[in-house]
Each structure stands twice: as structure tokens, then as C-alpha cells.
Amino acid sequence: MENKLNIKEYLDKDEQKDLLRLLTAGSVDDGKSTLIGRLLFDSKKLYEDQLAALERDSKRVGNAGDHIDYALLCDGLKAEREQGITIDVAYRYFSTNNRKFIIADTPGHEQYTRNMITGGSTANLAIILVDARLGVITQPCRHTFLVSLLGIKHVVLAVNKMDLVGFSEERFNETVTEYKKFVEPLGIPDVTCIPLSALDGDNVVQKSERTSWYKGTSLLEVLETVSIENDHNLADFRFPVQYVLRPNLDFRGFCGKIASGVIHKGDEVMALPSGKKSHIKSIVTYDGELEYAFPPQAVTLTLEDEIDVSRGEMLV
């Protein structure tokens, strides 16, 4: 009986864990897919059959020499494996004792930048990878700029391939200084810099002895502890309409989840893209009506005027 209770406690605890959505970005061949593969591998989130397939594929189509090619965990398309690059956004789900994660592995190539934006549209945190040998080049800067436009508040600069520069503290500091100079005008409130080797697993899940000069935490520790509760924008009201609810002649409501801002009964709203305006008549939920609502609540809004609003449009 006690064992059953423990399982129930475990499931309850698992249900209460919060979710962090993150993306990897940066230039081509900086090791984004490899980093995610390493994260899954080192945090013991792979099944034995996945590992066996990974070892088999690494010998056949891998690009990591004698090493296991962890990138193959994310790059599943034939064209991706053929060229050893990421084209589409690959989502990977895993959880630790403290948190659940959804990782979007986004492509580094300039021509696939739009795919990177798709992956970043729902993220709380971005890991920007740079190659320690090359420093901060165009694509990581472009991705950082897009991350700031998307309103992502937390950025981790992962200085990868430290094993190829002999884990040089000087090289790491140069790269960090260069990046911070670029990122300062963008106003991203939380930037953390970590030296790592995705291929060898240094500072990915465990702190590495090879970077004894680095006093910060490992990447996984940052992901587990970063606070995202206060990231909601409460100033600008944004309500993407997901469904128009019309149960009878007397009721037409617009259902959705509040993306940002606070809305009160009686507030004036504008429908986009039509630009038509109205006032909030009621804020309806399953448990009854509310006087006001805020993110990330899912609500149904009714308007004073009969204006045309359909799924995919937005109330602001």
C-alpha cells in the first residue's frame, strides 16, 4: 500500500513541475544538435534501443570520427544526415527531477533563419552557440537580435568546442567580451556565459575539471534553476483568437489564451488586422465570469458590438 502511495506522490510531483521551453541557435556547425544530443545522453534520458540505433547510425552516417555523433538524435531527415546539417526545427522533450523541458533545435544556415524564428516563437530561453575558435560571427549576432525581437528574456551564450582551443580561459573571456558588447544595446535582461564542449560533455550536465578556472554552473543547472515566473508582459494586451464560440443565438464569444497584458470588463479593445474597436462586455470561464484576466489564463471574451473577428486574428 505504501508503495502505491509513493507512486501517486511521484506522479503528483511530476504534474506540478513547471515547463521551460528553450531553443538552440547560432551559426552552422557550431554544435547545436550535438549539444542537445549530449544533454539527453548525459542526463540519462535515452532508451537502450535509441542508444543502440545512435551507435549504429554514427558508424554509418556520423560526422564525429570515432565519437558517437549525438547530432543524429535531432537530425532525422535524409537531407540533414547526408550533409550533416539541421534544416527543419526538431523538438525534443525531456524532464529532470526539477523541471520539464521542450527543446527546439533550430538550423544555423542563413537560408533557414525563418525556421529558427518558428522554434523561438514560444521559447522562454535561448542557447546561442558560438565556436570558440571563430568567436562571435554574423549568424549568432543575427539570432541574438531575433531572440530580443521575440521578447525572450534569458540567453545562455554557450562557447562551444573549448576542447579545440585547449580550454583557454583567455579565449573564453575574449569571446564573452565581444558578445556582451554586441548584446548590451538589445536590452536582454539575463545573459549567462558558459564554456563547454558538446562533443565531450564538458560543463553540459556536470561541471568539468578541465575548466577549473570557470566558477559558474553547468548548462543543465542553469536550465533547471532559471526563473521564468515573472517573464509575462503585463502592459501590452495580446489575445490571439483560437476559436469562436457560438452555442446559441444570444452568445458569441472569442476563446483563447491571454499571451500578455491584463484585461478588465469595459476595456476598449481593437481587433487586428481589421482595426475595428469595441469594449469587453464579459470575461467568461468554466467557473463563471471574471472582472479581469491576465496571462496565461484561457478565457472567452464577449464584446459590446457585433464586429467580425475570426480564428487567427488578434484582440489588442
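1. A nonpolar core is here a set of buried Ala, Val, Leu, Ile, Met, Phe, Trp, Tyr and Cys residues joined through side-chain atoms within 4.5 Å. The model is predicted. Its largest nonpolar core has 52 residues, and among these I127 and L223 touch the most other members. Strand β4, residues 125-131, supplies the largest share of this core, six residues.

2. The surroundings of I127 can be listed. Leaving out residues up to four places away in sequence, I127 touches L22, L23, T24, A25 and L35, and also V156, A158, L219 and L223. L22, L23, T24 and A25 fall within β1 (19-26), and L35 falls within helix α2, residues 32-42. V156 and A158 fall within β5 (154-160), while L219 and L223 fall within α8 (219-225).

3. There is also a second core, separate from the one above, with 17 residues. Its members include I263, I280, V299 and I307.

4. The strand order of the six-stranded sheet is β2-β3-β1-β4-β5-β6; the sheet is open and its pairing is mixed. The edge positions are taken by β2 (90-95) and β6 (190-195). Each of these two has a single partner strand, so one of its sides has no neighbour in the sheet. On average, neighbouring strands are turned by 20° against each other, with direction ignored.

5. At the β2 end of the order, β2 pairs with strand β3 (residues 100-105) in the antiparallel sense, over six bridges. One residue pair can be named: F94 has F101 in β3 as its bridge partner.

6. Two helices are worth checking against the sheet. Helix α2 lies across β1, β2, β3 and β4, and runs at about 155° to β3. Helix α7 (residues 169-183) lies across β4, β5 and β6, at about 160° to β6. Strand β4 is thus listed under α2 and again under α7.

7. The salt bridge count comes to nine. One of them joins D18 and R99, whose closest N and O atoms are 3.0 Å apart. D18 sits in the loop between α1 (2-16) and β1, and R99 in the loop between β2 and β3; the two are 81 residues apart, and the pair links distant parts of the chain. The relative accessible area of D18 is 26%, so D18 is classed as partly exposed. R99 has a relative accessibility of 3% and is therefore buried, the cut-off being under 20%.

8. A further salt bridge is formed by R210 and D200, with 3.1 Å between the closest N and O atoms. R210 and D200 both lie in the loop between β6 and α8, so this bridge ties together parts ten residues apart in sequence. R210 is partly exposed at 43% relative accessibility, and D200 is partly exposed at 30%.

9. K265 and E289 also meet through their side chains in a salt bridge, at 3.3 Å from N to O. K265 is in the loop between β10 (263-264) and β11 (268-272), whereas E289 is in strand β13 (residues 288-290), so the parts tied together are 24 residues apart in sequence. With a relative accessible area of 31%, K265 is partly exposed. E289 reaches 51% and therefore counts as exposed, since that class begins over 50%.

10. Salt bridges also link D131, R133 and K161 into a network. D131 belongs to strand β4, whose residues are 125-131.

11. H154 is part of strand β5 and is buried, with a relative accessibility of 7%. A polar atom of the H154 side chain lies 3.3 Å from the backbone oxygen of S227. Apart from neighbours within four places in sequence, H154 is in contact with N124, L125, A126, D190, V226, S227, I228 and D231. Of these, L125 and A126 belong to strand β4, and D190 belongs to β6.

12. A last point concerns S121, which is found in the loop between α5 (113-120) and β4. S121 is partly exposed, at 48% relative accessibility. The C-alpha atoms of S121 and G151 are 9.0 Å apart in space, with 30 residues separating the two in sequence.

Methods
Residues are numbered from 1 along each chain as its sequence is written. This is a predicted model: local features need pLDDT of at least 70, side-chain atom pairs count only at pLDDT 80 or more; totals for chains, interfaces and linings use all residues. Side-chain values use heavy atoms; hydrogens and water are left out. Buried means under 20% relative accessible area, exposed over 50%, partly exposed in between (1.4 Å probe, protein chains only). Helices (H or I, at least four residues) and strands (E, at least two) are DSSP runs, numbered from the N terminus. Contact means heavy atoms within 4.5 Å. Two strands pair if DSSP finds at least two bridges between them. Axes are lines fitted to C-alpha atoms, for helices over the stretch in contact, and angles run from 0 to 180 degrees between N-to-C directions. A salt bridge is a side-chain nitrogen of Lys or Arg within 4 Å of a carboxyl oxygen of Asp or Glu. A polar contact is a pair of N or O atoms within 3.5 Å; within protein, one must be able to donate a hydrogen and the other to accept it, and residues adjacent in sequence count only if both atoms are side-chain atoms.
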